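Dear colleague,

I am handing over the structure we spoke about, and below it you will find what came out of going through it. Please read the notes with the coordinates open beside you.

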Amino acid sequence: MAKPLQVQIVEKARALIADEQHWCRGLLAQDASGASVLATSASAVRRCGLGAVIAAAYQLTNDYDAANELAHNALRPHFGISTLVHVNDLRGHVAVLALFDEVIAAQR
């Protein structure tokens, strides 16, 4: 049985930032020089939790508008985007991964 799209997005987002070197705070995404870039940019090397969710949705759909909509709903009904941003920027990398793990586990 295929995994629900929501789970696929969150799992892919988690993989994108599993290594803390690929994670950031305060910006959706950064390039290698630390400049802000779109989360879907090929030059993005670090992403926040939300940026990772947007990038993961984009990788699965190749549609920027659909990716943004899917990203904003990927953590529901457990968490909203504001919770993810808060956890990312205030609690840190490990907390974001734990939040993703909780969403994934709840869908199984």
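The buried residues of helix H2 pack against helix H1 (5–17), strand E2 (46–47), helix H3 (64–73), helix H4 (81–91) and helix H5 (93–106), and since this is a predicted model, please take that and everything below as computed from the prediction. The buried residues in H2 are Gly49, Leu50, Gly51, Ala52, Val53, Ile54, Ala55, Ala56 and Ala57. H2 itself covers residues 49–61, and its 13 residues reach 18 Å from the first C-alpha to the last, close to the 18 Å expected at 1.5 Å a residue. The helix is followed by Asn62, whose phi is positive, near 55°.

One of these packing partners deserves a fuller description, namely H4. The axes of H2 and H4 are 8 Å apart and make an angle of about 130°; because angles over 145 degrees would count as roughly antiparallel and those from 65 to 115 as roughly perpendicular, the two helices are described as oblique to each other. On the H2 side the contact is made by Gly49, Leu50 and Val53, and on the H4 side by Ile81, Leu84, Val85 and Asn88.

Val53 and Leu84 appear again in the largest nonpolar core, which has 33 residues and in which Val53, Leu75, Leu84, Leu99 and Phe100 are those with the most contacts. Each of H1, H2, H3, H4 and H5 supplies at least two residues of this core, and the largest share, seven residues, comes from H5. Leaving aside residues up to four places away in sequence, Leu75 touches Gln6, Val10, Gly80, Leu84, Leu99, Phe100 and Val103.

Two further residues of H5 may be of interest to you. Is His93, which lies in helix H5, buried or exposed? His93 has a relative accessible area of 7%, and because buried means under 20%, His93 counts as buried. Its side chain reaches the backbone oxygen of Ile17 at 2.6 Å, and, again not counting residues up to four places away in sequence, His93 touches Ile17, Ala18, Asp19, Glu20 and Trp23.

Ala106, also placed in helix H5, has a relative accessible area of 42% and is therefore partly exposed, a class that lies between the limits of 20% and 50%. The C-alpha atoms of Ala106 and Pro77 are separated by 9.9 Å, although the two residues are 29 residues apart along the chain.

With best regards

Terms used
Residues are numbered from 1 along each chain as its sequence is written. This is a predicted model: local features need pLDDT of at least 70, side-chain atom pairs count only at pLDDT 80 or more; totals for chains, interfaces and linings use all residues. Side-chain values use heavy atoms; hydrogens and water are left out. Helices (H or I, at least four residues) and strands (E, at least two) are DSSP runs, numbered from the N terminus. The expected span of a helix is 1.5 Å times one less than its number of residues. Buried means under 20% relative accessible area, exposed over 50%, partly exposed in between (1.4 Å probe, protein chains only). Contact means heavy atoms within 4.5 Å. A nonpolar core is a set of buried Ala, Val, Leu, Ile, Met, Phe, Trp, Tyr and Cys residues joined through side-chain atoms within 4.5 Å. A polar contact is a pair of N or O atoms within 3.5 Å; within protein, one must be able to donate a hydrogen and the other to accept it, and residues adjacent in sequence count only if both atoms are side-chain atoms. Axes are lines fitted to C-alpha atoms, for helices over the stretch in contact, and angles run from 0 to 180 degrees between N-to-C directions. Angles under 35 degrees count as roughly parallel, over 145 as roughly antiparallel, 65 to 115 as roughly perpendicular and the rest as oblique.
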